[in-house]
Amino acid sequence: MSTARDSAIRAALGQVMDPCSVAAGRPLSLLAMGLVPGWELAGSTLRIRFGVTFPGCTMAPHFIEAARERLLAIDGVDAVEAVVDTDFVWLPDALPAPALQGRPQAWRDRIR
């Protein structure tokens with residue numbers, strides 16, 4: 001993948017906020033939350049994996065669709081195949097240090 005395309009993908013994903021962080025008053029992008037374990041570009045098809053903060057997450061289809069719309073706007077990306085990686089385990093350790101300060105109550109219980 002070209003450096004420019006990789007940067008464009010990161011920029012697009014950086015604009016999609018995790019709905020739970022928004023609801024908690026601490027909006028963070030999917031990338032900042034550590035919810036994008038990886039992607040690959042095969043021709044003009046971007047295959048991307050997403051994680052969720054807990055297995056019962058009902059918001060994944062919404063943030064995946066928001067990401068898909070942003071990603072399809074990238075020159076050279078004609079299709080996006082997105083999946084939720086069911087083997088992915090999210091931990092608050094994935095958050096950048098400043099995000100942990102004043103973190104929402106739901107994250108406090110998981111850190112112990």
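Here, exposed means over 50% relative accessible area, and buried means under 20%. The model is predicted.

Q: Which exposed residues sit on the face of α1 turned away from its buried side?
A: Start with the buried residues of α1, which spans residues 3-13: these are Ile9, Ala12 and Leu13. They cover an arc of only 95° around the axis, so they end up on the same side of the helix. Turn to the face that points away from that buried side, and the exposed residues you meet are Thr3 and Ala4.

Q: Which elements do the buried residues of α1 pack against?
A: The residues to follow are Ile9, Ala12 and Leu13, the buried ones of α1. Two helices and two strands take up their packing: α3 (30-33), α4 (60-72), β1 (38-42) and β2 (45-50).

Q: In what order do the elements of the protein chain run from the N terminus on?
A: There are six helices and three strands to place in the protein chain. Reading from the N terminus, the order is α-α-α-β-β-α-β-α-α.

Q: In what order do the three strands form the open sheet?
A: β1 and β2 pair antiparallel over five bridges, while β2 and β3 are parallel and joined by six bridges. That makes the pairing mixed. β1 and β3 (79-84) are at the edges because each has a single partner strand, leaving one side of each without a neighbour in the sheet. The order is therefore β1-β2-β3.

Q: What is the average twist from one strand to the next?
A: The sheet in question is the open one formed by three strands. Going from one strand to the next, the twist averages 15°.

Q: Which residue in the turn of the β1 and β2 hairpin has a positive phi?
A: β1 and β2 pair in the antiparallel sense, and they form a hairpin with two residues between them. With a positive phi of about 65°, the turn residue to look for is Gly43.

Q: Which residue in β3 is the bridge partner of Leu46?
A: On the β1 side, Trp39 has Ile48 of β2 as its bridge partner. On the β3 side, where the strands run parallel, Leu46 has as its bridge partner Val80.

Q: What angle does the direction of α1 make with that of β1?
A: α1 packs on the sheet and touches β1 and β2. Another helix, α4, lies across β2 and β3 and runs at about 155° to β3. For α1 against β1, the angle is about 135°.

Q: Which two rings form the aromatic pair, and is it stacked or edge-to-face?
A: A search of the whole structure turns up one aromatic pair. Its members are Phe50 in strand β2 and Phe63 in helix α4, 13 residues apart, and the pair links distant parts of the chain. Both Phe50 and Phe63 are buried. The ring centres of Phe50 and Phe63 are 6.0 Å apart and the planes stand at 65°, which is over the 60-degree cut-off, so the pair counts as edge-to-face.

Q: Which residues is Val84 in contact with, leaving aside its neighbours within four places in sequence?
A: Val84 lies in strand β3 and is partly exposed, at a relative accessible area of 35%. Its C-alpha is 9.6 Å from that of Leu35, although the two are 49 residues apart in sequence. Leaving aside neighbours within four places, the contacts of Val84 are Phe50, Val52, Ala60 and Ile64.

Q: Among contacts between residues at least 6 apart in sequence, what percentage join residues at least 24 apart?
A: For a picture of the whole protein chain, buried residues make up 33% of its 112 residues. The accessible surface is about 6,300 Å², with 52% of that belonging to carbon and sulfur atoms. Of the contacts between residues at least 6 apart in sequence, the share joining residues at least 24 apart is 54%.

Methods: Residues are numbered from 1 along each chain as its sequence is written. This is a predicted model: local features need pLDDT of at least 70, side-chain atom pairs count only at pLDDT 80 or more; totals for chains, interfaces and linings use all residues. Side-chain values use heavy atoms; hydrogens and water are left out. Buried means under 20% relative accessible area, exposed over 50%, partly exposed in between (1.4 Å probe, protein chains only). Helices (H or I, at least four residues) and strands (E, at least two) are DSSP runs, numbered from the N terminus. The arc is that of the directions from the helix axis to the C-beta atoms. Contact means heavy atoms within 4.5 Å. Accessible areas come from the Shrake-Rupley method with a 1.4 Å probe; for residues, only the protein chains shown count as cover. Rings of Phe, Tyr and Trp (its six-membered ring) pair if their centres lie within 6.5 Å; planes under 30 degrees apart count as stacked, over 60 as edge-to-face and the rest as tilted. Two strands pair if DSSP finds at least two bridges between them. Axes are lines fitted to C-alpha atoms, for helices over the stretch in contact, and angles run from 0 to 180 degrees between N-to-C directions.
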